[in-house]
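User: Please take a close look at one single part, the packing of two helices against each other, and then follow the connections from there to whatever else can be said. A long, connected answer is welcome.

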Protein chains: 2
Amino acid sequence: MTKKKIFNIAIVGLGNIGTYLYNFLKKNKNLINNKNNNTFKIKYISAKNKRKKRKISFRKNLWIDNYMSLTKMKDVDIIIELIGGSDGPAKKLVFSALKNKKHVITANKALISKYGDKLSKIAEKNKVNLEYEAAVCGGVPIIRMIKESLIGNKVNKIFGIFNGTSNYILSSMEKNKISFNDTLSVAKKLGYAESNPKSDIDGDDVSSKVKILSSLCFGSFVNSNIHVEGIRSIDNEDIINASKLGFKIKLLGFSEIINNKLYQRVHPTFVKKSSYIASVDGVLNAVIVDGSPIGKNIIQGEGAGATATTSALVADISSILRGNIKKPFGISHSKRKKITSGKIDNLYFSSYVRINVKDKYGVLSDITRIFSTNKVSIKRVLQNPYKKYSSILIITHSCKDADIQKTLKTLAKKSYIIQKPKIIRIENG
Amino acid sequence: MTKKKIFNIAIVGLGNIGTYLYNFLKKNKNLINNKNNNTFKIKYISAKNKRKKRKISFRKNLWIDNYMSLTKMKDVDIIIELIGGSDGPAKKLVFSALKNKKHVITANKALISKYGDKLSKIAEKNKVNLEYEAAVCGGVPIIRMIKESLIGNKVNKIFGIFNGTSNYILSSMEKNKISFNDTLSVAKKLGYAESNPKSDIDGDDVSSKVKILSSLCFGSFVNSNIHVEGIRSIDNEDIINASKLGFKIKLLGFSEIINNKLYQRVHPTFVKKSSYIASVDGVLNAVIVDGSPIGKNIIQGEGAGATATTSALVADISSILRGNIKKPFGISHSKRKKITSGKIDNLYFSSYVRINVKDKYGVLSDITRIFSTNKVSIKRVLQNPYKKYSSILIITHSCKDADIQKTLKTLAKKSYIIQKPKIIRIENG
């Protein structure tokens, strides 16, 4: 037998995930080591504040005050970065670690989507791993699936529910018929939303994940051209309208290649109630990959949380212990390509448009004229009368997104409009 | 850079899958080689009949008449076995290949579920890979997911739809309201069922997959104690009854650990219409894994066919090119354990029971008495009158399977019974 090597691990960042991982690794050391060719040992841990109360116990000599010193220590092989944030200490740590030939594991989607190209180049040059399964949909092992299980496939499209917080909010609004803000408060209390939920509800978190997945699926550098809309503007009226029309509203991320151009987008989407994606409720995440020759694959699981994330981190550790793939984005940096991105304006959607107007003569006639002038063909109209206004709902036939945006701009200037017109795109199939 | 090694591949078996794989590898050589540390070359091909018409072209010196000679040839590194069958040539080839230190890739579930333990021992001893992603639900990369992505998890239960043919038949019977036999004929015409569909419709194919998945999930040797029922006895009346009661019928495979015992079973199952698994129709496969810490994971895709299977085979080839995991069942042969199996008799289910009886006085009273005597509590009764008989449907409360089997045995002897009473278990959640 070849002699087993012991990989020394340093964990930096001991929040919710870091402490769970530490305890899990201690408890399940044999389980993990039995499954890999080499073994690991937790050598060091580090965090901002040593005296903070944490549910962990450790020998004194495990603690390192200056986390940056870990990147130069000879008895460190793997650094697990659980600090978070695209810049600041996380960035400093990961760049320095890779430069000093340490393997790096991170759960940091902001960092990978911003600096992934630079980082992967260094990792590859220094023949160390940069692993980030935990950065995209924690309990949905989509990174390894694309890099290994679907390695022979040409991916055409990848999309899905990539954010548990926003999915929880939209599902709850539908189920409990309460407002966005009230739902958000509940989500915070239950720990499903952070105190500052901006990144989750404005689509930025999904945006990071879409960018990472695009690079993996299409063998391209990270492309930051992406159309992003969050869920702040969705209200109960939209949810009820969707339901009446046979739909649910989901915040989806999409990435696809059409005519050799990359289209990345994140926006609330009408999905048919009977579709698979509509059934994914609460904090769950789901990814749908359409590739050739494999066809359509679905993978669903818990998107975040200490338990699901730890499962991903352990998969990353194990991959390093086995000396598996050392190309962070599946192919060599030198083989990755720049990919031209297309604008959402040029895509075609059937859309839901909601226009709140003063209730007076001629309005509907003017609105339908504006649609027609802009080449947007109407499939269905519904008018809901409310006390102080009327709400006009229009489902369009498939039309160019630019045309519908023009339509909305024109409408917005009209005196009878009492609220910015709203569009929610419809996903077919 | 370390020098890349070229792995010479021999493909044995050139049916539907073998020819597709051959053409795919030729066309996508660069794509695959760019993603791995080492490269491959198709060195030899072999099949029973050289003169058979196939959609492939190859240089003369690629063909080998005596496939067994490949196992001793120095310029062969990987043998891909696509012959099929648990014994005969496939068995001979794979045993000999591993003994002669060749990596082996196979899509042969019958072989792995029967000889997997012996084969994996030889592979491990000789430090070669034995890969079989394609053997279990072709386009659903569940093998690699368990071995790598969920490596840190303790799996509690795994179940799902593991056979496309039977799922197609049950879905079609429901959708088109036609009989089992007529549906089977259509399935054969469409290529969804083989000319001899026994293994697919009698549950043996699912049984092989369940046994393999159990070994992987629970770190145990292959255990052949499994309860198997197929779908031959399901008729349109059952499908209609299920629908009326809010269910669909699916052929499911299950493996779980309860009180340290392994329970493996394959049987038609009532699943709630609103459940995820009920939505998986046609030839699709789906696997649900419940593990700790990851929680519940779902993975869905095409279960079979040349395209999906090729995706799996290429993942296996790539894993060998990267020198990844060499333990066919995830852990060392020496660490695998024997696991005691439990009997389905001791499990508790709520069940659907259908009893076709002569329409006369006192029958229902006698039937309910027999249920009661055997400690089977009735939740719901429905009686459908037909021209020549009555069909009594009973949904039981959760009860011991042995008790319900006893009930059915007693019933079967009664003079008013005109057809063997039928039980279909109900899956909750």
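Analyst: In this predicted model, helix 1 (residues 16–27) of chain A and helix 11 of chain A approach each other so that their axes come within 9 Å, crossing at roughly 60 degrees. With that angle, helix 1 of chain A is oblique to helix 11 of chain A, and the crossing of the two is right-handed. On the side of helix 1 of chain A, the residues that make the contact are A:Asn16, A:Ile17, A:Tyr20, A:Leu21 and A:Phe24, while helix 11 of chain A contributes A:Ala306, A:Thr307, A:Thr309, A:Thr310 and A:Leu313. Sorted by class, this contact of helix 1 of chain A with helix 11 of chain A comprises six nonpolar and four polar residues, with no charged residues.

Each of the two helices leads on to another part of the model. For helix 1 of chain A, that part is an open sheet of five strands in chain A, which has the order 2-1-3-4-5 and parallel pairing. Its edge strands, each of which pairs on one side only, are strand 2 (39–46) and strand 5 (130–131) of chain A. Within this sheet, strand 1 (residues 6–12) of chain A pairs in the parallel sense with strand 2 of chain A over seven bridges, and A:Asn8 stands opposite A:Lys41 in strand 2 of chain A. Helix 1 of chain A packs on the sheet by touching strand 1 and strand 2 of chain A, and the direction of the helix makes about 145 degrees with that of strand 2 of chain A.

For helix 11 of chain A, the continuation is the interface with the other chain, where 43 residues of chain A are in contact with 43 residues of chain B. Helix 11 (306–321) of chain A is among the elements that each supply at least two residues of the side of chain A that touches chain B, the others being helix 2 (29–35), helix 5 (142–149) and strand 11 (295–302) of chain A. The composition of that side of chain A is 16 nonpolar, 20 polar and seven charged residues.

The two chains are related by a rotation of 180 degrees with 0.0 Å of shift along its axis, which superposes chain A on chain B with an RMSD of 0.0 Å. This is the relation of a two-fold axis. Because 100% of the interface residues of chain A are also interface residues in chain B, the copies meet through the same surface. The residue of chain A that comes closest to the rotation axis is A:Ile299, whose C-alpha lies at 2.2 Å.

Strand 11 also takes part in pairing across the interface, since three bridges join strand 11 of chain A to strand 11 (residues 295–302) of chain B, and these two strands run antiparallel. Here A:Gln300 stands opposite B:Ile298 in strand 11 of chain B, and within chain B this B:Ile298 also has B:Ile288 opposite it. The pairing of strand 10 of chain B with strand 11 of chain B is antiparallel and extends over eight bridges, the two strands being joined by a hairpin of two residues. Further along, strand 6 (residues 154–161) of chain B pairs with strand 10 (residues 284–292) of chain B in the antiparallel sense over seven bridges, with B:Val289 as the bridge partner of B:Ile158.

The connection that precedes strand 11 deserves attention in both chains. Most residues other than glycine have a negative phi, and most peptide bonds are trans. Against that background, a cis peptide bond joins A:Ser292 and A:Pro293, with omega of about 15 degrees, and A:Pro293 lies in the loop between strand 10 (284–292) and strand 11 of chain A. In chain B, B:Ser292 and B:Pro293 are likewise joined by a cis peptide bond, with omega of about 10 degrees, and B:Pro293 is found in the loop between strand 10 and strand 11 of chain B. On the side of phi, A:Lys177 has a positive value of about 55 degrees although it is not a glycine, and this residue is found in the loop between helix 6 (164–176) and helix 7 (180–189) of chain A.

Note on methods: Residues are numbered from 1 along each chain as its sequence is written. Chains are lettered from A and ligands numbered from 1 in the order in which they are written. This is a predicted model: local features need pLDDT of at least 70, side-chain atom pairs count only at pLDDT 80 or more; totals for chains, interfaces and linings use all residues. Two residues are in contact if their C-beta atoms, placed from the backbone, lie within 7 Å. Helices (H or I, at least four residues) and strands (E, at least two) are DSSP runs, numbered from the N terminus. Ala, Val, Leu, Ile, Met, Phe, Trp, Tyr, Cys and Pro count as nonpolar, Asp, Glu, Lys and Arg as charged, and the others, Gly among them, as polar. Two strands pair if DSSP finds at least two bridges between them. Copies are superposed by least squares on the C-alpha atoms of residues with pLDDT of at least 70 in both. Axes are lines fitted to C-alpha atoms, for helices over the stretch in contact, and angles run from 0 to 180 degrees between N-to-C directions. Angles under 35 degrees count as roughly parallel, over 145 as roughly antiparallel, 65 to 115 as roughly perpendicular and the rest as oblique. A crossing is left-handed if the near helix is turned anticlockwise from the far one by less than a right angle, and right-handed if clockwise.
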